Amino acid sequence: MARKSFIAGNWKMHKTIAESKALAQAIKEAQNKNNADIMVAPVFTSLNAVAEVLKGSNVIVSAQDCFYEEKGAFTSQIAPNQVKDAGATCVILGHSERRSLFGDTNEILNKKVKAVLAQGLRVVYCVGETLQERESEKTISVIQQQIEGGLKGFTTQDLKDLVIAYEPVWAIGTGKTATPEQAQEVHKAIRNILEQKFDKDFAQQVRILYGGSVKTDNVDAIMAKEDVDGVLVGGQSLVAEQFIRIINYNK
Ligand code: PEP
């Protein structure tokens, strides 16, 4: 099944508003030879400015996280409707840094997915195993739990715009990339999990991104794999020239 490719940049805790706008502008003006969906996820303080720069373009603006409550006494938190108000149309949920540093469990993520979908926003849901889990051959069972837990209680209609990002924790920001074969193996397993939990059509339609030290010199080989529909890029999404090369991966 032909799935449109999806190239996403997670800017993490980098860039001022001015720097974010400049990077967004460069991406807006860049070539997109594969006609990929492109997404950028700036920090909350730059979200509205980036959304303004990208207005009228096809580049999707995403938050890197949000809270599940609508409003109230939750100091420092941002609600999905506030993300939407800032001009974003997407939220990344379950990034491994959120899971490991800020206590986002599959149960909490399930509430976040629900709250984000209720606002009509798209979700990029991240899954992935630690090195210890991989070495003890728990990769697939960990990912199964992350999918079962985080996506519990939704129909395929609720999740029609869902994007999943497979990010092995040992490959994020470490310079160690999963081989294209390792990525393909897990992406295929994710499709099997989705087929069991939902149905075959859904499993074939969901786009699955690979993330973890994606670079200009490995993107082509990763994107060549059948079940890899795109990439979620951290470090190399911060430099326009590099991210634009990744957007324009060679088939
Ligand atoms: C990420 O932030 O999701 C990521 C994969 O980072 P990096 O590309 O730097 O490994």
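These legends accompany several close-up views of a predicted model.

**View 1. Helix α1 from end to end.** Let us start with the helix formed by residues 17-29. At 1.5 Å a residue, its 13 residues should span 18 Å, and the end C-alpha atoms are indeed 18 Å apart, so expectation and model agree.

**View 2. The two sides of helix α1.** Look here for Ser20, Leu23, Ala24 and Ile27, which are buried. Seen down the axis of α1, the buried residues fall within an arc of 100 degrees, so they line one face of the helix. The spacing makes sense, because an α-helix has 3.6 residues a turn and residues three or four places apart point the same way. On the other side of α1, you will find Ala18 and Glu29 exposed. The partners of the buried residues are β2 (37-41), α2 (44-54) and α11 (240-247), against which they pack.

**View 3. Ser20 and its surroundings.** This close-up stays with helix α1, where Ser20 is found. Ser20 has a relative accessible area of 0%, which is why it counts as buried. Its side chain makes a polar contact of 3.0 Å with the side chain of Ser46. Setting aside neighbours within four places in sequence, Ser20 is in contact with Trp11, Lys15, Ser46 and Val50.

**View 4. The ligand and the residues around it.** Here the ligand has 14 residues around it, and Lys12, Glu167, Gly173, Ser213 and Gly234 come nearest. Glu167 places a polar side-chain atom 2.7 Å from an oxygen atom of the ligand. Two glycines contribute through the backbone: a polar backbone atom of Gly173 is 2.6 Å from a ligand oxygen atom, and one of Gly235 is 2.8 Å from a ligand oxygen atom. Taken alone, the ligand exposes 290 Å², and the protein buries 95% of that.

**View 5. Positive phi in two loops.** Our last stop is the backbone at Lys12 and Asn35, each with a positive phi. Most residues other than glycine have a negative phi, so such positions are worth a second look. Lys12, with phi near 50 degrees, lies in the loop between β1 (6-10) and α1. Lys12 also appears in the previous view, among the residues that come nearest to the ligand. Asn35 has a phi of about 50 degrees although it is not a glycine, and it is found in the loop between α1 and β2.

Key. Residues are numbered from 1 along each chain as its sequence is written. This is a predicted model: local features need pLDDT of at least 70, side-chain atom pairs count only at pLDDT 80 or more; totals for chains, interfaces and linings use all residues. Side-chain values use heavy atoms; hydrogens and water are left out. Helices (H or I, at least four residues) and strands (E, at least two) are DSSP runs, numbered from the N terminus. The expected span of a helix is 1.5 Å times one less than its number of residues. Buried means under 20% relative accessible area, exposed over 50%, partly exposed in between (1.4 Å probe, protein chains only). The arc is that of the directions from the helix axis to the C-beta atoms. Contact means heavy atoms within 4.5 Å. A residue is near a molecule or strand if one of its heavy atoms lies within 4 Å of it. A polar contact is a pair of N or O atoms within 3.5 Å; within protein, one must be able to donate a hydrogen and the other to accept it, and residues adjacent in sequence count only if both atoms are side-chain atoms. Accessible areas come from the Shrake-Rupley method with a 1.4 Å probe; for residues, only the protein chains shown count as cover.
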